[in-house]
Each structure stands twice: as C-alpha cells, then as structure tokens.
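Work through the exercises below with the sequence and the model open. Each task is followed by a solution in steps.

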Amino acid sequence: HSPVVRVRAESAVEGNGDLPKVEEKVGGAIPDALSTDAEVVKRESESIKAFRTKAEKFAFQAEVSRLMDIIINSLYSNKDIFLRELISNASDALDKIRFLALTDKEVLGEGDDTKLEIQIKLDKAKKILAIRDRGIGMTKEDLIKNLGTIAKSGTSAFLEQMQKGGDLNLIGQFGVGFYSVYLVADYVEVISKHNDDIQYIWESKADGAFAVSEDTENEPLGRGTEIRLHLKEEAGDYLQEDKLKDLVQRYSGFINFPIYLWSSKEVDVEVEADPEEVPEDEEEKTATEDEESEEDAESKPKTKNVKETTWDWQLLNDVKAIWLRSPKEISDEEYANFFHSIAKDLTGDKPLGWTHFNAEGDVEFKAVLFIPPKASHDLYENYYSNKSFLKLYVRRVFISDEFDELLPKYLAFLKGIVDSDTLPLNVSREMLQQHSSLATIKKKLIRKALDMIRRIAEDDPAESDDKEGDSEGEDENRGKYAKFWNEFGKSIKLGIIEDASNRARLAKLLRFHSTKSGDKLASLDQYIERMKPNQKDIYYITGANKEQLEKSPFLEQLKKKGYEVIYFTDPVDEYLMQYLMDYEDKKFQNVSKEGLKLGKDSKLKELKESFKDLTKWWKELLSSENVDSVKISNRLADTPGVVVTSKYGWSANMERIMQSQTLSDTSKQAYMRGKRVLEINPRHPIIKELRERVALDSEDSVAQQTAKLIYQTALIESGFLLEDPKEFASRVYSVMKTTLNVSPDAVVEEEEEVDEAEDTPVEDGKKGKASPSSDEEPSVEDSILEKSVNEEVEEEEEHYNDEL
Ligand SMILES: Nc1ncnc2c1ncn2[C@@H]1O[C@H](COP(=O)(O)OP(=O)(O)OP(=O)(O)O)[C@@H](O)[C@H]1O
C-alpha cells in the first residue's frame, strides 16, 4: 500500500535543482503506517500549513521517511540516546571547524564565534530543548541533503536491523543518529549558519515532509547550528535541568569541547530593607544603642538577605581528554563510557578489552584501543571497503576518523583514538596520510592490539583447565576469549593470511575444534602439548561443518591411533592453510591430502605387493576419471576407499567452495583441481573380494561395476561433488537389480494412456530418451520404471536423485 499523493504547497517555490519537492511527488515518502489516502492528505496538508510561509518544502527520501516513522512511533523506553547523538553531531561539527582553522585562522571569525563550545538551553513554558554549537554549520544545500534527501548507506541497513528486532541504541553506528530526535520531539527546527551561506531554518514534523527557509526571525548565530526540539507531551522530563546535567555527565563526558547548560541557581542577595519591615527586636536594639552611633545608623541603609534565582552557563563536562590521563587513575567504568561514546554503541555492553598506552621514542603518541563487545553488522560483508574506526588526533586536535593507514584491514574492528605529538598539524590530510611516522605508529598499534588480545586469552580461566577455580574476578573473564573468537576469529585468520610479519603471533591466537577438544575451543599450543611422542605433523581436515567431519573416513585410523585432528570449517580456512605452513617447527598436514605418514605399518610393504595387480587394474579402469593413481591406504579402518588430493591442489572442500562462487573462473578450476588418488583399504572384505575376482578374471563385469561404484562412493564420502550424478545413480540401481534378482535386461512397462502426438517414438519396448550411460548397459532409470508400474516409484526416483 503506497499511496501517491500530490500536495499543493501554499507558497511560491524557488527553483532548487533536482531535489524532490513535495509538489512533485510525495507518494514514495509517505510512511507505510498511515492507513488511508485521505488521512495522508490531511496530515500532509496540516504539516505544510504549519511550515513557514516562505519555506521551500521537500519530501524525505523514502527510506529516511520510513526510518522516521519507526522512530516517532517507537515505544522504545530508552529515549535518552537522542541527546548523545546531538552532542556527538555538535562535537563533530566543532572538530570540523577546528580542523579547517589549522590552515586558515580566519574561519573561526572573532569574539564569541571563536569559542568552540556547545550550549544547551531549556524553555519550560514553550517545552523547547535547544542545543547549539559553534561548529562548522550547514549551508542550505547541506541542510536539504544531510537532513532528509540523501539516504546514507546505513539507512537501509538500520531499517533491516530494526525489522529483525534490532537495538535502537546502535542508531549512531548507522550514521542516522540525527533522526533519534523524534523519539522525544514531534516538531524539530534546525537553525544553521555556515560561513559560506546565510542563516537558514530547517523544520519538520516527521510526517513525510520538511521545509527550509531563510531565517529572518531568530538572532544571528554567527556560525554553527542550533537544534530546537519541541518536546512531546510525554518527554517533559527533558525540561529538567538536573536530568540533563545527569545525562551529559553520564554519557557525553568524553566530548572534547565544553558543554554548558543554561542553569538557574538560588543565591542569597542583600537587598535594602523596607523600614516598616524592620523586625521588633531590631527596633529595640536601635533604641538602646548609645547616641554616638545613632548618626551612623541613620546614614547606612537597612539591608536584608533574600533568595533570588540567577541564570548562568554552567559547565557540565571535564574537557580533559581521557587519553592524557594516567591509566592508573581511570576506572573501568570510565573506559567503558569512553568506548560507548566513541563507538556510538549505546547498548551499554562492555568492551571485551582495551589497551591504553603512551608510545615514546622517535614517534610519540598516545592511544586507547578497544575491542567492541560485538562485530559491527557489516564487518565481514564489506571487509575490503570498510573504513577503520580509529580517530586520529594531532596534539589534541581531531584530524580524521578515516585514516586507513593506521591499522591493517584485519584489525579494522578495533575502535579507539590515537593522539600523536610527532605528526605536523598544519598540513593537509593528504600530506599527513603520507607521513613517514604513520608506518611506525601502525606497527606499534598492531603490536599493542595483538598483546591485548593475547592477554584476554591468558586471563580467561575457561581457556585452560589448570587455572580453574584460581583467582578472583575470573567469572568476568570466563569465556571471554571464546566470545572474542566468535565475533572476531575470522579477523585473526585474515591477519594470518595478510600479515606475514605477525603470522606467528596471530597463529598463537588461533582457536578451533578438534577430535579432542570436546565442546571447548583448542589452541595450537594445546595441540602441541597433546601430540603423540612419535607425531611430527599437525593434522587437520577441512569441510562444511564439524558434524560432517566427525564422520569422515579420513579420520578412521587417526582416531583409532589417538591422533588429534583439527576441524577447519570456515571457508576462509582453506585460504588460511595456504599461508600457515608450520607452527613451532611442526608442519601442517591436511589428512585428506597425499603424504599422510602415520608411524610404521610393518605389513604395508607386503600389502602393497599383494594388491599390486588390483591397484594397477583399478587405475586402468578409471583412466577416464582424472585419477592419478590407486594406492593402498594407511588412513582407513572401516571404509573401503577414499579419494585424496595432491598436496598443492585444491582439497575437496576447496573445490566445493570454488564451485559455489558464482564468479569463479572455470578454466582456473580445472587447473587448480588437485590430482586425485583413490586409496583403498586392503583389510576391507569388499576390497579383498575384488582382488580375488580380478585375479581370476580381469574382465569380470561385476568387479568392474563394483570398482567404479566404490570410486564414486568414495568421492562422495571424501567431500567431492559428483560431476555426473546420473551415471552414479544408474550404477546404484543396477546393483539394486542384482540384489533384488531382477534381470538386467528387464524393461520398463509402457504407460497405458499416452497422447500419441506428444509421445516420442518407442523402439523395442524402450522409451526413446536414452540415459547418458545407455550405451554400456540398460538404463537404470528404465529398469526401475519397468519394474514398478505405478507412478509412486517415479516420484521416489526423483527424490532419490535429488538427494544424491
Ligand atoms: N550540529 C551539526 N552541525 C553540522 N552538521 C550537522 C550537525 N548535525 C548533523 N549534521 C549533518 O547532518 C548529517 C547527518 O547527521 P546524522 O547524525 O544523521 O548522521 P552522522 O552524524 O553522519 O552519523 P552519526 O549518527 O553516527 O553521528 C551529518 O553527517 C552532518 O553532516
């Protein structure tokens, strides 16, 4: 239901490029929640009448409109967040002007305009809360674009999250924080003055439209923005000074500009007393005083103390940046609050860890880095295009939070600040980006970040059994590393791939499940501790999930002999293992690949010899199948065969991953596909029987059929996708026929009622449509159909094929 409504504006409209005006089309911007067209028109026209008469009206971009609708109708109880968002926007605007002033002092203007501050004022009578900053301000075009017509990429992501029951507290992270004003206000005015333009008013009642007009009624701002919230009835709390003081102190304590509140104070003042009001005892006193003092008393006017309310700007925050203070003096709560303020994470969840340090030497800087409690919604979706979250300051002046040069991509999940004393202040951002100190800063930041992550692992009692029941405070740390791993484990893996110089450090942080890890995660150090005395390599296997891998035939002997095997189930693991060759001098061995050595099998040589003819015969039989060789296996216990790949080719899992990538290059696929080796289990009765049969008659068709079937079954069990499932199915049906004692030549009974015109010609009682393997033997499809007259079987077969 998306009503298209045309609304006539009442005032003349000045030309304004191609921005969507209300007159042109409001339809797309009408909130879905409105039920009837009539209602929409009514609300629209009311709001348009309410706009200033000379104002230009605009429709909100459709997604922005939906977002506002969600916000204004929200029953969300924590409405405080709007204040933090507004203060954060004000602080950003101040940062921007301060940055410009580095190269051009003029931009700051003079007098009060040079004061980089934020002011909050309340008008109890009119129920208005106003927040003003002397930041960069917005031009008319900025107002139109920033506050309504251009949807940010985060808008749809935020709507999506909200639909899934997401947390409104994270609104700031999606870059749409401004609209949170409609949690508490039903009418908002934004008055703004930018150096390049005159003063404008933006206004909206969040009902699909907004208006912008030249400001001819308010006092000139000089420069900056004032946001006036006309509070909803139920938001009256925000008119109490104490409430605002408390909120600012609690949540915006880390804003690096002074925040003032226009506050009232009761003071005692001395006022001239009315002679008639002089109290009796004073009169008596006066009467009894000696005459000399009488003259004095007459010349001095009588005074009294009364209470009076005075108004003044009261400073609410401590402007000293937290990173300049000594870490010893800063409480955990303060760090957590600082994190919430810079990460725009208002959920209140504590960061998983932080590090605060002072780097000295050639390059001096201070930094605070945090590990957020959760990965951001698009951390891995947009891994290569995501910006870093570090705020760079140079001598306390905010420079940018888009400096990708400070942290590698894989650590982009960290949030924090870096304040450098070494970088120059008065150069352009581009020049700064190339400054040689950045490389040193980056190196130190990585080192410190990895140390912080390692410490979380070490302090987590759940990580190691020995530490259980040890120290105090362990509960808080218990399971912290698993949590970290859950959220950011992929980043560590990407780090191993991308950062050769820190590979060993990162490998230490790696966690995984294995044949011996149970429900817990294990580390490579734990793996090495558990290695068997004769074990040289670290064993692992890759696949889609742990449950599947647990049953893999590749693990049969390894498990039996007590070797631990790591399960790698993330697609990124395949790439990871191309880079992680060894750990502490131990090589990694994929147990589904060639070259697995499992101690000495005294009988192996003998077995190889006695199966020589069979393996040779088998290899020839599979000559058309890309099978490099057929060998006696040392990894199997209960399964007749598996297919292993060559050491440097793709594993079965990698083939599966590549095939599922829509843009993958098929020619490369053929080239990268590992050579396949069929390994057979010489102790398995089927294999033993095959050897006997082939020894007697190398042309034995049952042996040939079985040998091919074993190969295909082994492919499936080894995790490969069959290139020709139909052929495999035919073979299975053929075996079924034998099991059921059905003649291999038996034909499918013809259907009785067929439309002659549409039916294909039938020869020799068979259907004309031949299966791919019909040259070699009767089609299984045909045989099955012949055997079962009814259609149920047909269905079953389809089902069977589907499953295959
Ligand atoms: N006080 C202000 N002074 C100048 N520009 C502002 C001010 N408030 C908002 N803006 C502009 O409006 C834009 C939209 O603000 P909004 O809060 O929705 O998103 P954001 O600030 O980019 O992201 P976030 O919500 O994460 O702070 C800002 O990017 C900024 O350009």
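## Exercise 1: Strand 15 and its partners

His 513 stands opposite Tyr 567 in strand 18. The model that shows this pair is a predicted one.

Task: Which strands pair with strand 15, and in which sense?

Solution.
- Step 1. Take the partner of His 513. Strand 18 covers residues 565-568, and strand 15 pairs with strand 18 in the antiparallel sense over two bridges.
- Step 2. Look for another partner. Strand 15 (residues 511-514) is also joined by two bridges to strand 16 (residues 522-523), and these two run antiparallel.
- Step 3. Find a residue pair for strand 16. Arg 511 stands opposite Ser 523.
- Step 4. Check the cut-off. Two strands count as paired if there are at least two bridges between them, so strand 15 pairs with strand 16 and with strand 18.

## Exercise 2: The nine-stranded sheet

Task: What is the strand order of the open sheet of nine strands, and which strands form its edges?

Solution.
- Step 1. Read the order across the sheet: 1-6-5-4-7-3-2-8-9, with mixed pairing.
- Step 2. Go to the ends of that order. Strand 1 (56-59) and strand 9 (303-315) are the edge strands, each pairing on one side only.
- Step 3. Consider the twist. Neighbouring strands of this sheet are turned by 20° against each other on average, with direction ignored.
- Step 4. Inspect one pair inside the sheet. Strand 2 (residues 118-123) and strand 3 (residues 128-133) run antiparallel and are joined by six bridges. Ile 120 has Ile 131 in strand 3 as its bridge partner.
- Step 5. Add the helices. Helix 3 packs on the sheet and touches strand 2, strand 3, strand 7 (224-231) and strand 8 (259-272), its direction making about 20° with that of strand 3. Helix 6 (residues 241-251) lies across strand 2 and strand 8, at about 135° to strand 8.

## Exercise 3: The shell around the ligand

Task: Which helix supplies the largest share of the shell around the ligand, and what is the make-up of that shell?

Solution.
- Step 1. Start with the residues that come nearest. Among the 20 residues around the ligand these are Asn 89, Ala 93, Asn 146, Gly 177 and Phe 178.
- Step 2. Assign helices. Helix 3 (81-103) and helix 4 (140-149) each give at least two residues to the shell.
- Step 3. Compare the shares. Helix 3 has the largest, with six residues.
- Step 4. Sort by chemistry. The shell holds seven nonpolar, nine polar and four charged residues.

## Exercise 4: The three-stranded sheet

Task: Why is one side of strand 21 and of strand 22 left without a neighbour in the sheet?

Solution.
- Step 1. Write down the order. This open sheet of three strands runs 21-23-22, with mixed pairing.
- Step 2. Locate the edges. Strand 21 (627-632) and strand 22 (641-645) each have a single partner strand, so one side of each lacks a neighbour in the sheet.
- Step 3. Note the turn between neighbouring strands, which averages 25° with direction ignored.
- Step 4. Examine the antiparallel pair. Five bridges join strand 22 to strand 23 (residues 676-680), and Val 644 has Val 677 as its bridge partner in strand 23.
- Step 5. Place the helices. Helix 20 (residues 612-621) lies across strand 21 and strand 23, at about 160° to strand 21. Helix 24 (residues 701-717) lies across strand 22 and strand 23, at about 60° to strand 22.

## Exercise 5: Two residues with positive phi

Task: Are Arg 396 and Asn 626 exposed or partly exposed?

Solution.
- Step 1. Place Arg 396. This residue sits in the loop between strand 12 (389-394) and strand 13 (397-400), with phi near 75°.
- Step 2. Count its neighbours. Arg 396 has 16 C-beta neighbours inside 10 Å and therefore counts as partly exposed.
- Step 3. Place Asn 626. Its loop lies between helix 20 and strand 21, and its phi is positive, about 60°.
- Step 4. Count again. Asn 626 has 12 C-beta neighbours inside 10 Å, so Asn 626 counts as exposed.

## Exercise 6: The length of helix 25

Task: What span should helix 25 have, and what does the model show?

Solution.
- Step 1. Helix 25 (residues 725-739) has 15 residues, which at 1.5 Å a residue should span 21 Å.
- Step 2. The end C-alpha atoms are 21 Å apart, in agreement.
- Step 3. Past the helix, Asn 741 has a positive phi of about 55°.

Key:
Residues are numbered from 1 along each chain as its sequence is written. This is a predicted model: local features need pLDDT of at least 70, side-chain atom pairs count only at pLDDT 80 or more; totals for chains, interfaces and linings use all residues. Helices (H or I, at least four residues) and strands (E, at least two) are DSSP runs, numbered from the N terminus. The expected span of a helix is 1.5 Å times one less than its number of residues. Axes are lines fitted to C-alpha atoms, for helices over the stretch in contact, and angles run from 0 to 180 degrees between N-to-C directions. Two residues are in contact if their C-beta atoms, placed from the backbone, lie within 7 Å. A residue is near a molecule or strand if its C-beta atom, placed from the backbone, lies within 6 Å of it. Ala, Val, Leu, Ile, Met, Phe, Trp, Tyr, Cys and Pro count as nonpolar, Asp, Glu, Lys and Arg as charged, and the others, Gly among them, as polar. A residue is buried if 20 or more other C-beta atoms lie within 10 Å of its own, exposed if 12 or fewer, and partly exposed in between; C-beta atoms are placed from the backbone.
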